Amino acid sequence: MALNTLILFILLGGLITYFVSKINSKTGAWLTVIISLVSLFVIYSMKDSSGVILNVFNYGNYSLNLVTSNYAWYFSIVMVLVYSMVSFFNPYWMEKVIHPAAYNLFYLLSLGGTLGVFYSKDFLTLFIFWELVVWSSMFIIPLGKSRRATVVYYGISTIGSFSMLYAILMLNVKYGTFDIQTNIQNMSNDPKFAVLFFFLIIMAGLTKLGIFPFYTWLPIAHGNAPHTFSPVLSGGLVKMGGFIAFLMTAVLPTSKVFANHLNILNNPYENYILMILGAISIIIGTLMAIKQDDAKKLIAYSTVSNSGYILIGLAMVDQTGFAGGMMHVFNHAMASAAMFLSFAAIAYRTGTTKISELGGLIKRMPVTFTAYLIAIISLAGIPPMSGFASKWLIYQGLIRKGNMFIAFAAFFGSVGSFMYVFRPLAGAFLGQLSPKHKEIKEVPFWMQLPMLVISGLTILYGVYPGLMLKYIAKIQETVGLKAIEVEGFKILTPNGMWDSWIVTLVFTIGFIIATILYFVLPKSKSVDLMDTYTSAEFIYDPDKYHYSSNYYAPFERLYAKHPSVEKFYNAIALRVNELGQLIKTWFFNENPAFTVFWISIVITAIFMWGDKI
């Protein structure tokens, strides 16, 4: 199946799924699984396709065209993998979604839109598919029953969309074409115009990535979207912003076009600004994630932090850091999807994602616990999971260029991630099981399957990162960068070498020794949750014994009065709302007194200045 046929198949499949879901919502949901898996298979078969031009639509002088490339394939396979895995949860969630038929329709429309974005041959095609994704996801988010989340999501997305549209139209006026490669060649000889275009269109990428100061939509939208769509938002759609960053830094390429501009620590100042924003996002995302009691908001803030790593890696446009940024696109997609799916599974059984309302689920939901554990080990950058390799490469790039401040922010984010990923682990899975959850059991097999597949891929690319880095090396050669060097299990950089096989072997031996000690040494005594006392008094409410409430309170107090960009946005929203209320009161009021007032004003104006009108 050709790429243009696949996209039309997905979009048409969405419409068919909508009508089928009207009759039977579960059957419609299973159709989303089938269509997503077909898409995954077809995209995978295009692994080696490059330079093939395909037409989607023609109208007069305008047409929507696609072109295959290795970097489009890389972003697409990550996206389709997330969609196909998450889709297995859809059939079990139909009863909890407000409009299941609409959910299934928009789920597939957004999938088709993302493929159109990655394979666009021209900026007009990119923008149209970009908007298809924005509007589809905007209609899905309120199905989680929060209209405010949709307003915030669309408000921030609109900033990026208008900025992108203005940049594209400006490009067309100057060069007379929307074609990406032609425009990039033109801008290579016109650095001053390229700077303006760079900052306008990169803004769309930053809003979608959730980079400071545009990150505020992530915790609201991810936290309130349907539990089955939050993994897509975080693991998939955010990466569209990463793709824009890739286009503007590597395909442009900024390292050559802006080579004569002000350089800061061996980076053009344009790239360095992106790296600074990435570093700020890492710190803010980490500190805010540590404070969250709702697991979905916690993971959303961790996405802010990890988007910072991706942006820093891509903005370096070098051999090691860039490879790390590209690999982190995949690693974060898998980790965040697994974490969101784990808590979707928990919410499916318990009805809540609040950590303080959970506890002791490890024995009731062992597969969900394992998937979450593997995901957080990867997200925290601990070997032998795949997240370590990408973060290690980003550190290598930063240190080699002497970017110590940004390296400090990246290191702070890694240390902080230990804290925020451990909170759900301890609060939801460890500790005492709440009496109200004693009858809970593991989710059905078809919900376990995607979590196991994602966990398997996380381990595979952690033990053998060369499998992915070899493909990333091809992408680097395509955009004119020096390719990352890989020999079997070894990653070679100018600063040193990483042998993932030896490290995996050491960790495996340590795990075996710990397992033996666990079974040989005396076991701890399990006691019932209520079998304890506080200050010589018995507490009858089991929830008061839950130690995950105010988990990091002493640490949180250190930055309790931090400045907040959310407060700034809320102040603007309040003023806009007040202005709207004022206009509504004076011009759209049902009170007849206001009508009489305006009629009097008009009559007075006619009498006084009627001869001059």
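The expected span of a helix is 1.5 Å times one less than its number of residues. Keep that rule at hand for the opening stops; the model on screen is a predicted one.

**Stop 1: helix α2**

Select residues 25-45, which make up α2. This helix has 21 residues, and the reach from its first C-alpha to its last is 31 Å, close to the 30 Å expected. At the start of α2, look for Asn24: a side-chain oxygen of this residue comes to within 3.1 Å of the backbone nitrogen of Lys26.

Next, colour the buried positions of α2. They are Gly28, Ala29, Thr32, Val33, Ile35, Ser36, Ser39, Leu40, Val42 and Ile43. Which elements do they pack against? Show α1, α3, α4 (90-93) and α5 to see these partners.

**Stop 2: helix α1**

Move to α1, residues 3-23. Its 21 residues reach 30 Å from first C-alpha to last, close to the 30 Å expected at 1.5 Å a residue. The buried residues here are Leu3, Asn4, Leu6, Ile7, Ile10, Gly13, Gly14, Thr17 and Ser21. They pack against α2, the strands β1 (53-59) and β2 (62-67), and the helices α5 and α6 (123-140).

**Stop 3: the largest nonpolar core**

In soluble globular proteins, nonpolar side chains tend to be buried together. The largest nonpolar core in this model has 201 residues. Within this core, Ile43, Tyr74 and Phe246 touch the most other members. Ile43 was already on the list of buried residues in α2. Select residues 321-350 as well: this is helix α15, which supplies the largest share of the core, 19 residues.

Centre the view on Phe246. Leaving out residues up to four places away in sequence, Phe246 touches Tyr71, Phe75, Val251, Leu314, Phe322, Met326, Ile475 and Val479. Three of the names in that list, Tyr71, Phe75 and Phe322, belong with Phe246 to one aromatic cluster, whose other members are Tyr74, Phe118 and Phe243.

**Stop 4: aromatic pairs**

A pair of aromatic rings is described by the distance of the centres and the angle of the planes. With ring centres required to lie within 6.5 Å, the model holds 46 aromatic pairs. Tyr74 and Phe75 are one of them, edge-to-face, at 6.0 Å centre to centre and with 90° between the planes. Both Tyr74 and Phe75 are buried.

For another pair, select Tyr83 and Tyr107. Why is this pair edge-to-face? The planes stand at 70° with the centres 5.2 Å apart, so the pair falls in that class, for which the planes must be over 60 degrees apart. Tyr83 sits in helix α3 (residues 70-87) and Tyr107 in helix α5 (residues 100-118), so the pair ties together parts that are 24 residues apart in sequence. Tyr83 is buried at a relative accessible area of 0%, and Tyr107 is buried at 0% too.

**Stop 5: charges over rings**

Select Lys174 and Phe193. The charged end of Lys174 sits over the Phe193 ring, 5.2 Å from its centre. Then go to Lys523, which lies over the face of Tyr518, 5.3 Å from the ring centre.

**Stop 6: three single residues**

Thr228 is in the loop between α10 (217-224) and α11 (230-251). Is Thr228 buried or exposed? Its relative accessibility is 0%, so Thr228 counts as buried. The side chains of Thr228 and Tyr103 are joined by a polar contact of 2.8 Å. Beyond residues up to four places away in sequence, Thr228 touches Val86, Phe89, Asn90, Trp93 and Tyr103.

Ile454 lies in helix α19 (residues 445-463). With a relative accessibility of 2%, Ile454 counts as buried. Not counting residues up to four places away in sequence, Ile454 touches Met85, Met334, Ala337, Ala338 and Leu341. Put a distance label between Ile454 and Lys470: these residues are 16 apart in sequence and 20 Å apart in space, C-alpha to C-alpha.

End at Trp598, in helix α24 (residues 592-609). At 30% relative accessibility, Trp598 counts as partly exposed. Apart from neighbours within four places in sequence, Trp598 is in contact with Trp586 and Phe587. A last distance label, from Trp598 to Lys296, spans 50 Å C-alpha to C-alpha, with the two positions 302 residues apart in sequence terms.

Definitions and conventions: Residues are numbered from 1 along each chain as its sequence is written. This is a predicted model: local features need pLDDT of at least 70, side-chain atom pairs count only at pLDDT 80 or more; totals for chains, interfaces and linings use all residues. Side-chain values use heavy atoms; hydrogens and water are left out. Rings of Phe, Tyr and Trp (its six-membered ring) pair if their centres lie within 6.5 Å; planes under 30 degrees apart count as stacked, over 60 as edge-to-face and the rest as tilted. Buried means under 20% relative accessible area, exposed over 50%, partly exposed in between (1.4 Å probe, protein chains only). Helices (H or I, at least four residues) and strands (E, at least two) are DSSP runs, numbered from the N terminus. A charge sits over a ring if NZ of Lys or CZ of Arg is within 6 Å of the ring centre and within 35 degrees of the ring normal. Contact means heavy atoms within 4.5 Å. A nonpolar core is a set of buried Ala, Val, Leu, Ile, Met, Phe, Trp, Tyr and Cys residues joined through side-chain atoms within 4.5 Å. A polar contact is a pair of N or O atoms within 3.5 Å; within protein, one must be able to donate a hydrogen and the other to accept it, and residues adjacent in sequence count only if both atoms are side-chain atoms.
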